Amino acid sequence: MSSSRTMATAAAAALVLGLSACGGEGAGSSGEVAAEGAAPEDLTIGVAMPTEISERWIADGEAVSSGLEEAGYQVDLQFAGDDIPTQQQQVDQMITQGADALIIAAIDGTALSGQLDAAAAAGIPVVSYDRLIRDSESVDFYVTFDNYNVGVQQGTALLQGLGVLDEAGEPGQAEGPFNIELFAGSLDDNNAGFFWQGAIDTLQPFLDDGTLVVPSGQTSIEQAATLRWDQGTAQRRMEDLLTSSYSGGTRVDGVLSPYDGISRGIITALQNRGYGGADNPVPVITGQDAEIASVKLIADGVQSSTIFKDTRKLADQAVVSTQAFLEGEEPEANDTETYDNGVKVVPSYLLESDIVFADDIEPLLVESDYYTAEEVAAGQAG
Ligand code: BGC
């Protein structure tokens, strides 16, 4: 057992006995990294991913694991089925089993502070993956996309899909008014607020001048939220909106959706109510993650757009940052202002994302080998 593992085990055991919790010191920037300088082969990295239900997180888990393995590390990869206690247990176990660093995509950004304090006490650096871990001093680094800009892109894609803006983002031919509905993600995920704010800031001028109308009147993030980003929950809310606000022939023209799974729930609700025929097309619906099922729907003209976040690049950043800590260095940040987790501003590395309409599938997703043309045609990866 490496000395870092012994330390980790001891710290975790102390926690179990209720003795520990000196906590508070970050392992990377302010504290000591126990495994510093050890050979990668002797080190295990715990990788905690939220769920296997969404294809996006499976791809992330695989990309992070293979990147770490290529760099020589051992990997303990766990998915938590979107269940908070399961994720807490998995991270606890990684620490007791002697993980030397942790890469965590949290389900609930506020639910891991106990685990993180134990990690800090054991000198285990923690990299927050894609979603910011909140309310903890013991988060050493954050790798993610420019989440506010993802929201701006979603708002822009909705406006472009409706024709209010043209391809270049200039005023388009369509004048409206258009009936739209708004969906947000899970409020316990720090990203949900960033996506929402970026989108709303983009749509607001058009809501103010009457180009866009929200017939349900549900315009707050609390009203629009979708717990756990769940497809079925989104489908039920869309069905409720259709019942409450679209009887008597009013049409939905557009829906702001923050994630492809939510988009598919919305599409099912609309199709169940007769949308999808030539004289009653499915509204303009946005998305996120370029999940293969949604990419096919975009190719088929059912979903309008998604946002492509290249998880391979995010995984690379997670690997590089973790490696830096383990080699006794500070990872390179390109943002040290935006991501305040309630206790401190976490140094971050932000990546860029792209809007994908049907015409962008080939250049952005196929030519970069994210998917093959066959996978797009089949709507299934692998
Ligand atoms: C991610 C999105 C994803 C959503 C649902 C967010 O934290 O940033 O890419 O669509 O979770 O899984």
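## A salt bridge within helix H2

Arg 56 forms a salt bridge with Asp 60, and the closest N and O atoms of this pair are 2.8 Å apart. Both residues belong to helix H2, where Arg 56 and Asp 60 are 4 residues apart, about one turn of the helix. Side chains of opposite charge can pair when their charged atoms come close. The model described here is a predicted one, and in the whole structure there are 9 salt bridges.

## Two domains and the interface between them

The chain is divided into two parts, of which domain 1 covers residues 11-145 + 311-351, while domain 2 covers residues 147-308 + 358-365 + 371-378. When the centres of domain 1 and domain 2 are taken over C-alpha atoms, 32 Å separate them. The two domains nevertheless touch, since 18 residues of domain 1 are in contact with 16 residues of domain 2. The size of an interface is often given as the accessible area lost when the parts come together. For domain 1 and domain 2 the buried area is about 1,300 Å², and carbon and sulfur atoms give 41% of it.

What kinds of polar pairing are found across the interface of domain 1 and domain 2? There is 1 salt bridge across this interface, and there are also 14 residue pairs in polar contact. On the side of domain 1 that touches domain 2, helix H2 (55-70) and strand S5 (141-145) each supply at least two residues. The largest share of that side, 3 residues, comes from S5. Sorted by class, the side of domain 1 that touches domain 2 has 6 nonpolar, 4 polar and 8 charged residues.

A salt bridge also joins the side chains of Arg 131 and Asp 189, with a distance of 2.8 Å from N to O. By the domain bounds, residue 131 falls within domain 1 and residue 189 within domain 2.

## The surroundings of the ligand

Which residues surround the ligand? They are Arg 56, Trp 57, Asp 130, Arg 131, Asp 189, Asn 191, Phe 195, Trp 229, Tyr 259, Gln 288, Asp 289 and Lys 309. This list includes Arg 56, which was introduced above as the partner of Asp 60 in a salt bridge, and it also includes Arg 131 and Asp 189, whose side chains meet in a salt bridge of their own.

For some of these residues, the distance from a side chain to an oxygen atom of the ligand can be stated. In the side chain of Trp 57, an N or O atom is 2.9 Å from an oxygen atom of the ligand. A polar side-chain atom of Asn 191 lies 3.0 Å from a ligand oxygen atom, and for a polar side-chain atom of Asp 289 the distance to an oxygen atom of the ligand is 2.6 Å.

## Backbone features in the loops

Most residues other than glycine have a negative phi, and most peptide bonds are trans. Against this background, the peptide bond from Gly 176 to Pro 177 is cis, with omega near 0°, and Pro 177 is placed in the loop between helix H5 (147-162) and strand S6 (178-182).

Asp 82, a residue other than glycine, has a positive phi, near 60°, and is found in the loop between strand S2 (74-79) and helix H3 (84-96). Asp 369 has a positive phi as well, near 65°, and lies in the loop between helix H12 (361-366) and helix H13 (373-378).

## Leu 297 in helix H10

Leu 297 has its place in helix H10, which spans residues 292-299. Leaving aside residues up to four places away in sequence, Leu 297 touches Arg 264, Ile 267, Val 302 and Gln 303. Ala 225 is 72 residues from Leu 297 along the chain, and the C-alpha atoms of these two residues are separated by 23 Å.

Technical notes. Residues are numbered from 1 along each chain as its sequence is written. This is a predicted model: local features need pLDDT of at least 70, side-chain atom pairs count only at pLDDT 80 or more; totals for chains, interfaces and linings use all residues. Side-chain values use heavy atoms; hydrogens and water are left out. Domain bounds come from an automatic or database domain assignment. Contact means heavy atoms within 4.5 Å. Buried area is the accessible area (1.4 Å probe) that two parts lose on being put together, summed over both. A salt bridge is a side-chain nitrogen of Lys or Arg within 4 Å of a carboxyl oxygen of Asp or Glu. A polar contact is a pair of N or O atoms within 3.5 Å; within protein, one must be able to donate a hydrogen and the other to accept it, and residues adjacent in sequence count only if both atoms are side-chain atoms. Ala, Val, Leu, Ile, Met, Phe, Trp, Tyr, Cys and Pro count as nonpolar, Asp, Glu, Lys and Arg as charged, and the others, Gly among them, as polar. A residue is near a molecule or strand if one of its heavy atoms lies within 4 Å of it.
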